[in-house]
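The following paragraphs lead through the model, beginning at a single backbone position and moving on to helix packing and the nonpolar interior.

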Amino acid sequence: MALGTAIIVGVGPGLGLALTRTSADAGYPVAMLARDKAKLDTYAAEFTSAGHDVRGYAADAVDPGSLRAALHTAITELGEPDVLVYNAGVVREDAPVGGDDQDWADVTAVNVLGARVAADAVLPHLREGRGSLLFTGGGLALFPSPQYTSLSVGKAALRAYVQALHTHLAGTGVHATSVTIAGAIGGGKERFDPAVLAQAYLDLHHQPEDEWQHELLRD
């Protein structure tokens, strides 16, 4: 039986690209979403030349309308999804006080609202009503940093959202979980290598239903 589409929201040169490669190598058609369409087209051309069905779709997770439209187009063109990975996030230094209000609103939109929008848009289209909704979390959700306050708050809120989503979907055949990465991706340790992490996401998708939990902690 042919596999459904893997949708990766937030594809850059690190984990997002590794998630795409791991999914494509496993036989999934892959929809890559990110803001930079030119970069996505470059990635897609490389995968296409290797025989994979991988396409890029421009979307800005700050804008719910943009994200929903790109997801709709991807599903229309590539087919019903088996798995969504929400890997978008904003990493920048900021403090608990001061700063620009709109910047905080935009960061929160990407880190939290975009996750809800993506889940809401993809859930009704999961192939045969079953599949996985996976979200990239971070160790700052557990140990907030005053140097990266908006990211700490965003990942904590994302963790809470996914836990609620996991409970809400219990018994439906849909697996919702967050991957809380408490270390530097690509920082030299094998367990934080993008390819190793990407395989962990695929393993979660293939996990037996009686082992489903709301979180995988990688520390």
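Just after helix α1, Gly27 adopts a positive phi of about 105 degrees. The model is a predicted one, in which local features require pLDDT of at least 70 and side-chain atom pairs count only at pLDDT 80 or more, while totals for chains, interfaces and linings use all residues. Residues are numbered from 1 along each chain as its sequence is written, and side-chain values use heavy atoms, with hydrogens and water left out. Helices (H or I, at least four residues) and strands (E, at least two) are DSSP runs numbered from the N terminus.

Helix α1 itself is mostly covered, with nine of its 11 residues buried, that is, under 20% relative accessible area (exposed is over 50%, partly exposed in between; 1.4 Å probe, protein chains only). Among these buried residues are Leu15, Ala18, Leu19 and Thr22. Those four residues meet Pro194, Ala195, Leu197, Ala198, Gln199, Tyr201 and Leu202 in α6, contact being defined as heavy atoms within 4.5 Å. By class, this contact comprises nine nonpolar, two polar and no charged residues; Ala, Val, Leu, Ile, Met, Phe, Trp, Tyr, Cys and Pro count as nonpolar, Asp, Glu, Lys and Arg as charged, and the others, Gly among them, as polar.

How are the axes of α1 and α6 arranged? Helix α1 (residues 15-25) and helix α6 (residues 194-205) pack at an angle of about 55 degrees with their axes 8 Å apart, the axes being lines fitted to C-alpha atoms over the stretch in contact and the angles running from 0 to 180 degrees between N-to-C directions. Helix α1 is therefore oblique to α6, since angles under 35 degrees count as roughly parallel, over 145 as roughly antiparallel, 65 to 115 as roughly perpendicular and the rest as oblique.

The interior can be described next. A nonpolar core is a set of buried Ala, Val, Leu, Ile, Met, Phe, Trp, Tyr and Cys residues joined through side-chain atoms within 4.5 Å. In the largest such core, of 32 residues, Leu33, Tyr86 and Leu133 touch the most other members. Elements giving two or more residues to this core include β1 (5-9), β2 (30-34) and α4 (101-122), and α4 gives the most, with seven residues. A second, separate core of 28 residues includes Val11, Val85, Ile181 and Tyr201.

One further backbone position lies in the loop between α4 and β5, where Glu128 is placed. Glu128 has a positive phi of about 60 degrees although it is not a glycine. Glu128 is exposed, with a relative accessible area of 65%.
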